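Subject: Structure for you to look at

Hi,

Here is the structure I promised to pass on. Please open it alongside this note, and I will walk you through what turned up.

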Amino acid sequence: GSVKAGRMPEGEKMRQCKHEEEQQQKGEKREGLIEFYNSYQELFQFFCSNTTIHGAIRLVCSKKNKMKTAFWSVLFFLTFGLMYWQFGILYREYFSYPVNLNLNLNSDRLTFPAVTLCTLNPYRYSAIRKQLDKLDQITHQTLLDLYDYNISLPQSDWSTLSTQRRSSRSLLHHVQRHPLRRQKRDNLVNLPENSPSVDKNDWKIGFVLCSENNDCFHQAYSSGVDAVREWYSFHYINILAQVPDAKALDESDFENFIYACRFNEATCDKANYTHFHHPLYGNCYTFNDNSSSLWTSSLPGINNGLSLVVRTEQNDFIPLLSTVTGARVMVHDQNEPAFMDDGGFNVRPGIETSISMRKEMTVRLGGSYSDCTEDGSDVPVQNLYSSRYTEQVCIRSCFQLNMVERCGCAYYFYPLPDGAEYCDYTKHKAWGYCYYKLLAEFKADVLGCFSKCRKPCKMTEYQLSAGYSRWPSAVSEDWVFYMLSQQNKYNITSKRNGVAKVNIFFEEWNYKTNGESPAFTVVTLLSQLGNQWSLWFGSSVLSVMELAELVLDFIAITFILAFRWFRSRRKLSPPGPPPNSQDNTAFQDEAPALSAPHRFTVEAVVTTLPSYNSLEPRGPSRDGEVGHE
């Protein structure tokens with residue numbers, strides 16, 4: 001058979017493609033389900049003519065006046081910019097998560113708080129009495145050498161020192177490693193000690209602390225009293241740390257310290273208090289700390305609170321460690337430790353101190369509104385106290401954990417972590433050097449304890465105000481002391497400085513609750529956005545939908561126009577060779593070789609060219625034959 005092939009002229013092919021494109025566009029116009037605009041101008045003109053946004057129609061109505069068109073265009077887009085600037089301010093305020101402070105006054109029967117009372121003086125416990133007596137002797141000699149002062153100490157304590165020389169050698173050795181010394185002030189360092197211009201007041205006193213590498217520094221104080229107390233306290237802590245069992249220091253004598261206890265006109269008993277020992281404040285007693293039977297105040301006033309008569313006379317205490325007399329009291333919530341050095345205050349001897357309380361609760365919003373914590377479980381600090389989370393509990397736990405990590409031992413004032421032991425210079429020679437270096441970093445927040453420990457979301461505080469009066473009065477002190485001596489076997493040695501009275505009560509039933517609520521909610525944000533939209537364009541929510549429709553139509557037209565442009569570019573480009581052009585070329589090259597060299601044309605409008613092996617001649621021809629072998 002014969003196959004005819006021909007080549008279509010380029011111009012005719014272009015006309016045919018254009019004709020097909022026009023037919024396709026007409027078909028699309030007839031069959032389109034969703035119609036789009038042909039240009040951006042048509043889209044914008046339709047929007048300005050039909051939208052409910054104020055001012056947009058002026059862009060179309062005034063198109064014949066270019067000055068008005070330009071004026072309204074600038075005014076329209078300027079208004080749009082100002083509105084979205086206000087939107088930015090609203091969104092910034094919303095994502096700053098502001099809060100409103102809500103103040104509520106509640107009136108109800110109040111649970112009485114826990115009250116901790118301390119003797120304010122550490123006691124000479126029998127377990128460490130001999131070592132304390134030796135430390136007193138060393139301190140006596142030190143003050144004599146530095147200040148020429150002969151401190152008076154009980155001779156009975158000194159008489160036992162001769163039999164304890166062997167046991168006191170270790171203490172003397174460690175005290176000599178941390179001596180109390182005087183040092184010139186910074187501006188007088190280069191002057192000799194015997195210079196007439198150097199006065200006794202130009203010296204700073206402190207003690208030397210050295211590391212294991214003999215890196216020493218002088219812990220100096222501007223006050224000699226502070227330096228002696230701190231130096232004595234340092235050695236006192238080491239003595240306490242050497243006691244293997246802390247119960248050996250539990251020498252509570254409730255009746256000898258608290259002569260009278262009464263709450264709500266009823267007498268207190270031992271079931272109403274717990275006892276603990278503080279290294280500096282001595283024996284401490286916490287009232288109303290039992291969660292199973294808490295006190296409640298039926299009425300406000302001094303007669304419906306806690307009333308205590310305490311002994312403030314100091315017998316067998318440590319004068320070098322505590323320089324005040326009286327008692328220390330602190331009011332705190334249940335299940336919270338009593339940090340006497342933070343929230344407590346002193347009670348004066350011979351004075352009746354009346355403390356009125358006002359309860360105040362604070363409830364903070366957590367999450368994005370503040371960094372408060374609900375129970376401390378999300379704080380990266382282990383709670384070493386057997387109490388609930390507070391900020392002070394976290395800070396002290398953080399310092400203690402850093403102390404164990406850096407110094408290898410724990411500070412005696414804070415709870416002991418698992419697997420650690422208290423610092424003692426018989427086992428940890430350089431712990432004092434490490435402690436004071438670490439304390440400086442702690443105060444400068446180098447350890448990060450203040451940033452790690454966050455405030456609790458719920459906390460209860462008590463606002464206190466105190467009033468003072470002389471007790472007992474001059475006309476009644478005789479019979480008061482007589483009754484105390486008969487009932488409590490009180491030996492009167494110093495009437496005026498011997499006793500004190502404390503009254504703690506609620507001032508009123510009302511208590512204040514400080515709460516937080518979100519100041520900017522989603523509803524508030526939408527309302528503010530609507531106000532701004534109405535202010536600048538006088539429109540509604542449907543107008544916003546019209547604007548959203550404009551944006552979507554703009555995006556759709558952009559894609560449609562880009563697709564049409566890309567398709568037209570492909571049709572205008574020259575066509576490539578057909579897929580089977582290689583087989584066709586082989587056929588055309590082989591046909592003249594098998595027949596006479598005559599020219600012929602093959603007109604074929606064939607979509608798929610047959611394979612080479614299937615081609616056979618279709619009848620004789622004088623011009624040329626194609627033979628098949």
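Let me start with C409 and C423, which form a disulfide with their sulfur atoms 2.0 Å apart. Please keep in mind throughout that this is a predicted model. The torsion about the S-S bond of C409 and C423 is 95°, and their link is right-handed. Both cysteines sit in the loop between α11 and α12 (431-443), so this disulfide ties together parts that are 14 residues apart in sequence. C409 has a relative accessible area of 0% and is therefore buried. C423 is buried too, because its relative accessible area of 2% falls under the 20% cut-off.

**The other disulfides**

How many disulfides does a search of the whole structure find? The search gives 7, and two more of them deserve a look.

One joins C118 to C284, with an S to S distance of 2.0 Å. This pair links distant parts of the chain: C118 belongs to strand β3 (residues 114-118) and C284 to strand β10 (residues 282-287), and the two cysteines are 166 residues apart. The torsion about their S-S bond is about 110°, so this disulfide is right-handed. Is C118 buried or exposed? C118 is buried, at a relative accessible area of 0%, and C284 also counts as buried, with 0% relative accessibility.

The other joins C398 to C449, where the S to S distance is 2.1 Å. Here the connection is between helices: C398 is in helix α11 (residues 391-407), while C449 is in helix α13 (residues 449-452), 51 residues apart. The angle about the S-S bond is -75°, and the link of C398 and C449 is left-handed. Both of these cysteines are buried.

**The annotated transmembrane regions**

The UniProt record, an unreviewed entry, places the feature "transmembrane region" at residues 70-91 and 533-563. What does the model show over these spans? Residues 70-91 are 100% helix and 0% strand, with the end C-alpha atoms 31 Å apart. Residues 533-563 are 90% helix and 0% strand, and the end C-alpha atoms of this span lie 36 Å apart.

**Strand β12 and its partners**

I also had a look at strand β12 (residues 306-311), which is mostly covered, with 6 of its 6 residues buried. In a regular strand, side chains alternate between the two faces of the sheet. In β12, L306, L308 and V310 point one way, S307, V309 and R311 point the other way, and all are buried. You may want to display R311 when you look at this strand, as it is one of the buried residues there.

Which strands pair with β12? One partner is strand β7 (residues 258-263), which pairs with β12 in the antiparallel sense over 5 bridges. Within that pairing, F263 has L306 of β12 as its bridge partner. Another partner is strand β17 (residues 499-506), joined to β12 by 6 bridges and also antiparallel. There, V310 has A500 of β17 as its bridge partner. L306 and V310 point the same way from β12, so they make handy landmarks when you trace the two pairings.

Happy to talk any of this over once you have had a look.

Best wishes

How values were computed:
Residues numbered from 1 in each chain as written. Predicted model: local features only at pLDDT ≥ 70, side-chain atom pairs only at ≥ 80, totals over all residues. Heavy atoms only, no water. Disulfide = S-S within 2.5 Å. Helix = DSSP H or I, 4+ residues; strand = E, 2+ residues; numbered from the N terminus. Buried < 20%, exposed > 50% of the residue type's maximum accessible area, 1.4 Å probe, protein only. UniProt positions renumbered as here; feature names shortened; annotations may be inferred. Pairing = 2+ DSSP bridges.
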